Protein chains: 2
Amino acid sequence: MWLSKNAIDLKNWKQLFEESGEALDLERFTAHVNAASLPHAVIIDCTSSEKIAEKYEIWLREKIHIITPNKKANSGQQKRYQLLQDLKRQHNVQYLYETTVCAGLPVIQTLRDLIQTGDQIQKIEGVFSGTLSYLFNSFDGRKNFSEIVREARDQGFTEPDPRDDLSGMDVARKVIILAREMGLELNLDQVAVENLVPEALRDSKINVEQFMAELPKYDNEMNEKLIQAQQQQQVLRYVGLIDPTMGTRVELKPFNLTHPFAGISGSDNILAFTSRRYLQQPLVVRGPGAGPEVTAGGIFADLLRLASHVGATL
Amino acid sequence: MWLSKNAIDLKNWKQLFEESGEALDLERFTAHVNAASLPHAVIIDCTSSEKIAEKYEIWLREKIHIITPNKKANSGQQKRYQLLQDLKRQHNVQYLYETTVCAGLPVIQTLRDLIQTGDQIQKIEGVFSGTLSYLFNSFDGRKNFSEIVREARDQGFTEPDPRDDLSGMDVARKVIILAREMGLELNLDQVAVENLVPEALRDSKINVEQFMAELPKYDNEMNEKLIQAQQQQQVLRYVGLIDPTMGTRVELKPFNLTHPFAGISGSDNILAFTSRRYLQQPLVVRGPGAGPEVTAGGIFADLLRLASHVGATL
């Protein structure tokens, strides 16, 4: 960490950080941010660390606002989620996490606006993973699925170990966050996740290279799913679904060519809210839902929302 | 008008209004709302009246917040628009109008978030009229255009005089509002509008019934446009376009079947933001963009935003 009382020169921050940086001490860090001389304090957690997320409780109690794209706190135990929401209200402090789902796309705020103004959400369905979006938007029968995975990995579109994408856990975490925003109480183990990693390759003793070498053996299975879909004039999409009556699921599912999900391209995310007000035609948000620039933009927008809440004129 | 110091019984408001209502007196109305005993005052203008919009200046000067779906003030003279924006900042008062474009869909706030966080908007394009969306989503060659207009009118999907939709002026007003939000300075007469009312039928001396009777004579023209588009595997959409370099236009335009605009149905609105951050793949918002319920929801969301700004915990 590097604590500085004065503004940091952003041109040379790397060098200055190396010169003046010290070992992380979260207690001193918190005290520094929450200086008595400052009217408002905010910590923006840009890690994906569980250890940092564990501090949110303390920070909210100390009336420090929190803004974060870190999914860990909100997708962890329901009990902790509820506690953070309660603390936020009790201490009149903001806890903003728009970028935990689809980065800068207007998802959490849109959902919150609907709920807070009395709408009833009937269903949220969407493609929440840019990587899985890309894989299935590309999977049209010209190449085997394993080839597409390999190419995507070579281009850096997947996690270093593509199983981290294919397992569906990242999508499940986003689904949990939206479900809880809707008022549902559930934990990760209650989401039915279709894991796209063949069962025999899930063992962590199998390293990435072995996994990549074995994956082509399962191409037939995936091809059959595609052919079945194509025979019905459909395409495959890996979607998350939250439906208070039907349950919460993450799965590979065929969609008609006229469905909005069929039309996405590249690594687009897409999200459809069906509600009492948006019943015949859902409210749909679509676009890139990952990447440093759009995520930073979304975090900054949350910061401006906080500034407005504490009285700033924008 | 009906001024009451106590909460109004919403079950019997109509009867009570008839009994206790009096002639509108905007000065007394304003004084009543802006009572010294209340910490905050807001007027929600749910009219489409120019006369009410003329009062915004006074209200902002008196530090009364304004929330409105009324497009008149923001799409009128650039000078007044600028004055209202300046007054808002000077007096630290909120002037919120999310619902002037696409009702409850997250459009203005999304655009504002992008701009305020440093993104550069390159283009906004969209289908902004539910009525024109419906007409062209239905116009696939099976029926003549005039028949579709007649059926839509019979079902109440158009204005009583469909020329108010077909003229494109409603779309032009929305385009102006978005363009100004982007920082462009322009007035309505600088928007190039493709008026879909045949020139010979624009005269206000021609009444609605005469217009409806004459419209079939122009079906050939419209059919030709459709056939031309279909030969290129395209569909027709009536869109508004804001492009700081290409200009601001409202026009009937062909789109490829793979374009997001081609996929809309019913009376869906759709809007694509192309920016430095959302360059290869735009940020797209789609859904019903008119109607009392979704508009009321959007107005209520603006009211909650205002409440948050003045310190409420939501």
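**Close-up views of a predicted two-chain model**

**View 1. Surroundings of A179(A).** Leaving aside residues up to four places away in sequence, A179(A) touches L184(A), L186(A) and I242(A) (contact means heavy atoms within 4.5 Å). The model is predicted: local features need pLDDT of at least 70 and side-chain atom pairs count only at pLDDT 80 or more, while totals for chains, interfaces and linings use all residues. Side-chain values use heavy atoms, without hydrogens and water; residues are numbered from 1 along each chain as its sequence is written, and chains are lettered from A and ligands numbered from 1 in the order in which they are written. A179(A) sits in helix 11 of chain A (helices are DSSP runs of H or I, at least four residues, and strands are runs of E, at least two, numbered from the N terminus). A179(A) has a relative accessible area of 0% and is therefore buried (buried is under 20% relative accessible area, exposed over 50%, partly exposed in between, with a 1.4 Å probe and protein chains only). Its C-alpha atom is separated by 8.0 Å from that of T248(A), 69 residues apart along the chain.

**View 2. Helix 7 of chain A against helix 11 of chain A.** Helix 7 (residues 108-116) and helix 11 (residues 169-181) of chain A pack at about 25°, their axes 10 Å apart (axes are lines fitted to C-alpha atoms, for helices over the stretch in contact; angles run from 0 to 180 degrees between N-to-C directions). Helix 7 of chain A is therefore roughly parallel to helix 11 of chain A (under 35 degrees is roughly parallel, over 145 roughly antiparallel, 65 to 115 roughly perpendicular, the rest oblique). The crossing is right-handed (the near helix is turned clockwise from the far one by less than a right angle; anticlockwise would be left-handed). I108(A), L111(A), R112(A) and I115(A) in helix 7 meet I177(A), L178(A) and E181(A) in helix 11. By class, this contact has five nonpolar, no polar and two charged residues (Ala, Val, Leu, Ile, Met, Phe, Trp, Tyr, Cys and Pro count as nonpolar; Asp, Glu, Lys and Arg as charged; the others, Gly among them, as polar).

**View 3. Helix 7 of chain A against helix 14 of chain B.** The axes of helix 7 of chain A and helix 14 (residues 292-309) of chain B come within 9 Å and cross at roughly 105°. The two helices are therefore roughly perpendicular. Q109(A), D113(A) and Q116(A) meet F300(B), A301(B), L304(B) and R305(B). Three residues of this contact are nonpolar, two polar and two charged.

**View 4. The two copies.** A turn of 180° and a shift of 0.0 Å along the axis lay chain B on chain A with an RMSD of 0.0 Å (least-squares superposition on C-alpha atoms of residues with pLDDT of at least 70 in both). That is the relation of a two-fold axis. The copies meet through the same surface, because 100% of the interface residues of chain B are also interface residues in chain A.

**View 5. Helices 8 and 9 of chain B.** The axes of helix 8 (residues 130-138) and helix 9 (residues 145-154) of chain B come within 10 Å and cross at roughly 135°. Helix 8 and helix 9 of chain B are therefore oblique to each other. Their crossing is right-handed. Y134(B), L135(B), F136(B) and S138(B) meet F145(B), I148(B), V149(B) and A152(B). The contact holds seven nonpolar residues, one polar and no charged.
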